[in-house]
Each structure stands twice: as C-alpha cells, then as structure tokens.
Amino acid sequence: MIFNAGTRIARAVRGLGLSIAVTSVLLHGDAWPASAQTHFYQASPQELAGQPGTVIRQEPVSGGPSDASAYRVLYRSTSFDGRPIAVSGIVIIPNAPAPVGGRPVVAWAHPTSGIVPHCAPSLATFKFMQMQGLRSLLDLGYAVAATDYPGLGTAGPHPYLVGKSEGYAVLDSIRAARAVAVTGTIHRTALWGHSQGGQAVLYASQLAKGYAPELEIVGVAAAAPATELRTLLDDDIASPGGKNLLAMTLWSWSRVFNVPLTNVVNPEAMATIDRLANVCLESLIDIEPRARAGKELQERFLTVDNLTALEPWRSLLAENTIGALPPAIPVLLLQGSADDTIRPAVTEDYARRLCEAGSRVELLTYPNVGHGTIAMKGARDAVAWISNRLAGSNAPSQCK
C-alpha cells in the first residue's frame, strides 16, 4: 500500500516537474518541514549600494556534504530592469586545499521551486539534495554556487521565467562564491541548470560578456531547459500539471510587469491561482493541493483561446525566449524522451538553432526519462562534460 501510494504521488511529482529529491524523500518516508525566513534575507537600500556580486552577508549552513563548507549568502545583483537588488543563495566549498592554479566555480541553477519568497531553495531542509551532481563536483575540487533567483528568499514577487533576472543572479552567484572563498578561485567557470534553471544558465551565458566580462565561461549544461516559451505555455494549457505552471507564470508576470489578468482569466479561477501561487514545489504536503488546483483549473481558468498570441503576453514571451549564444561557449543539452513538460522536439529545435548560429552543441537524449528526473539521470554525464571543459579539452559537437 505504501509503495502504491508513493508511486501515485511520484507520478504527480513528475507531472508537475518537481525535483527528484521530493520523490526520494517520499519513498523513504522522511519529512520535509518548512524553514522560516529571517532578517538574513532583508537588505536595506544602504546595503544594496555596491558592485554586483559582492556579499552583503553570509552565515554557515549545517547539513551539507562532508569535507565541504556551506554558506548561506545574500549578495548584490541587478533586476531585469536594471535596479540594484539583493539575491540569496548557497555557496559550497571543498575543505581540501585549492588545486594548483586555483579552484573553478560551477553555478547550479535550480528548477521551479515556487514564486513567493518562502519557496527559496536555500530555505528548504533538503537543499543539498536538490543540487544534482553536487558531490561529484566537490570531489573534483570545484566550488558550487546555487542562487535562489530574485524574489525567492528575498522580497517578491519572483520574476518567474524572466531570463535577464535569472541570468544576472547566476552570474553574480559566481562572483559571490569567489568572494566567500576569499582566495584560491579562478575566473574559469561552468554553468549547470535544470528546467527553469536551464533557461537561467543559457541566459547567463548570453549576458556574461557584457555583464560579467571577467568570468571565463567554458561551457553551459542545461537539462530540459525552458527555451521557446510561447510553445511551452501553449503545451501547458493541455494538462492539469501544465496549467499549474501556466498559472504561476501569469500570477508572477501580472505583478512583475504590471499586467492585469482580468481580461484573460476567469474571475472564479483567481482564488485558485492565488492559493496555488503560495504553495512551494518542495514539500510533500504541497503535492496534493497542487493536484487539486490543477483539477480546478481544468474546469475554469482562461477566458481566451489564444493567450500566447495576445499582447502584451506575446511580446513578453518573445522577450524571455532565449536566442543564440556566443559561439565560443559550448553547450550540452540533456533531454528525457518521456518529458511532457518540455517536449523533446522543443529542445531539439533549440539545438538546431544553436548549431545554425555557430555554437558547438551536444544533445543527449535519455529513453523513458521524464521532466522531473532528467537532471538526476543526466548529472553524471553533465559533470563529466563540465570537468572536460574546465580541463581545457575541446567540446564535442553534433552540429553538421
């Protein structure tokens, strides 16, 4: 009976695109209590003054991998519209001496965790389980920077799937990690992310030259990245789990971009959307209300048939759809064949467009793997690919 219940909920987890950590905790019977926010995440206007990537404050965090030191950090960054903001995250540094020549930093960008401040991964009890490949990266001597993104941990709203917002936060997390390490780090770095985090690392690599020119990005690995947003949100309309993600996007963007929902959303659905917006994708008790909300949205949700073709949504989706990357930065894409959140055809199309733009691209497809497990299933390959890039070897490419 326990296995059957676990299987049913695990399927719900995969359908909503949750991290494999949730499934693992479920099947092993552990609890996932919520962590409370503290003043650590609050920054005054005076504290925001300073260069992006500099650290406002830091504190040790327990429960991390052995032979490493973990720190919760609050660092300075930049909003999508150019304002100075604070962003939180976690930095993990091996205790062993830095390798000869210095220690690279690898940025991990997390998948969807929620859209309100208390959904920050740095507040989760099992935060380290969510960082796919963490143990291997530390064993290789790399420091790891894991941003929460703006509006998670810090004051909201979280700019969900807003590319510049995520990209700046990723780049500044690397700068913050180098500051926490104090000495022994180098400018050479690599980026690794899943789903929303895949979009984040792709945007970070696109923005790096103009925003963080001191960083030498040797490669970007993205598992089932959110690339063509209009296509992805059109797909989301078709399923209860997809409607969850679409509702989160609408709720966030209506606040971030000051766009009213009254002309596209059924008024009777607003209470469901507001309730959904305040549930995180990190706790076992979050699964049932999200599934229930998805069913409610099946009955009443949008009042239009072509939301993604309407302004301002059409322009906002285009503005936050990743384009070509600097050809000098090689790309690894990982995709599950059974993914119905980010369909394989969407990632394949993005790989083709990168090839046409001159990038070196490798696309790895994993049979019978869904959206929630692709980063876990592909972590070993991603870490091996990253280590080869940081070692200076030429990246393989499937581009013709």
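Select Pro157 to begin: this proline sits in the loop between strand E5 (143-147) and helix H5 (163-181). Helices (H or I, at least four residues) and strands (E, at least two) are DSSP runs, numbered from the N terminus. Now show the backbone just before the ring: the peptide bond from Gly156 to Pro157 is cis, with omega near 5°.

Before moving on, some ground rules. This is a predicted model, so local features need pLDDT of at least 70 and side-chain atom pairs count only at pLDDT 80 or more, while totals for chains, interfaces and linings use all residues. Residues are numbered from 1 along each chain as its sequence is written, and side-chain values use heavy atoms, with hydrogens and water left out.

**Another cis proline**

Jump to Pro312, in the loop between helix H10 (287-299) and helix H11 (313-319). Here the bond to look at runs from Glu311 to Pro312, and it is cis, with omega near 5°.

**The sheet**

Colour the strands next. Nine of them make an open sheet in the order E1-E2-E3-E5-E4-E6-E7-E8-E9, with mixed pairing; two strands pair if DSSP finds at least two bridges between them. Which strands are at the edges? They are E1 and strand E9 (361-366), each pairing on one side only. Neighbouring strands are turned by 20° against each other on average, direction ignored. Axes here are lines fitted to C-alpha atoms, for helices over the stretch in contact, and angles run from 0 to 180 degrees between N-to-C directions.

Zoom in on strand E1 (residues 55-61) and strand E2 (residues 68-78), which pair in the antiparallel sense over six bridges. Pick Pro60 and you'll find its bridge partner in E2, Tyr71. The two strands form a hairpin with six residues between them, and Gly63 in the turn has a positive phi of about 85°. Stay in the loop between E1 and E2 and click on Asp67: it has a positive phi of about 65° although it is not a glycine.

For a parallel pair, select strand E4 (residues 103-109) and E5, joined over five bridges. Val106 stands opposite Val144 in E5. Then add helix H12 (residues 344-356), which lies across strand E8 (331-336) and E9 and runs at about 165° to E8.

**Helix H8 and its partners**

Show helix H7 (residues 229-236) with helix H8 (residues 240-256): their axes come within 7 Å and cross at roughly 125°. That makes H7 oblique to H8, because angles under 35 degrees count as roughly parallel, over 145 as roughly antiparallel, 65 to 115 as roughly perpendicular and the rest as oblique. For the contact (heavy atoms within 4.5 Å), turn on side chains for Leu229, Leu233 and Asp236 of H7, and for Gly242, Lys243, Leu245, Leu246, Thr249 and Trp253 of H8. By class, five are nonpolar, two polar and two charged. Ala, Val, Leu, Ile, Met, Phe, Trp, Tyr, Cys and Pro count as nonpolar, Asp, Glu, Lys and Arg as charged, and the others, Gly among them, as polar.

Now bring in helix H9 (residues 270-277), which packs with H8 at an angle of about 90°, the axes 9 Å apart. That makes H8 roughly perpendicular to H9. Asn244, Ala247, Trp251 and Arg255 of H8 meet Ile273, Asp274, Leu276 and Ala277 of H9, a set of five nonpolar, one polar and two charged residues.

**Pocket and cavities**

How big is the largest pocket? Its volume is about 360 Å³. Twenty residues line the largest pocket, and Arg83, Ile85, Gly151, Ala155 and Gly156 lie nearest its centre. Strand E3 (84-94) and H8 are the elements giving two or more residues to the lining, with the largest share, three residues, coming from E3. The lining has 12 nonpolar, six polar and two charged residues.

On a 1 Å grid over the protein atoms alone, a cavity is a set of points where a 1.4 Å probe fits but cannot get out, and a pocket is an open set with protein on both sides within 12 Å along at least five of seven lines; lining residues have an atom within 4 Å of a point. Grid points are joined across faces, edges and corners, and a volume is the space filled by probe spheres set on the points.

The structure holds five cavities of 30 Å³ or more. As a last stop, visit the second largest cavity, with a volume of about 70 Å³. Select its lining residues, including Ile90, Trp108, His110, Met131 and Asp148. That lining has five nonpolar, four polar and two charged residues.
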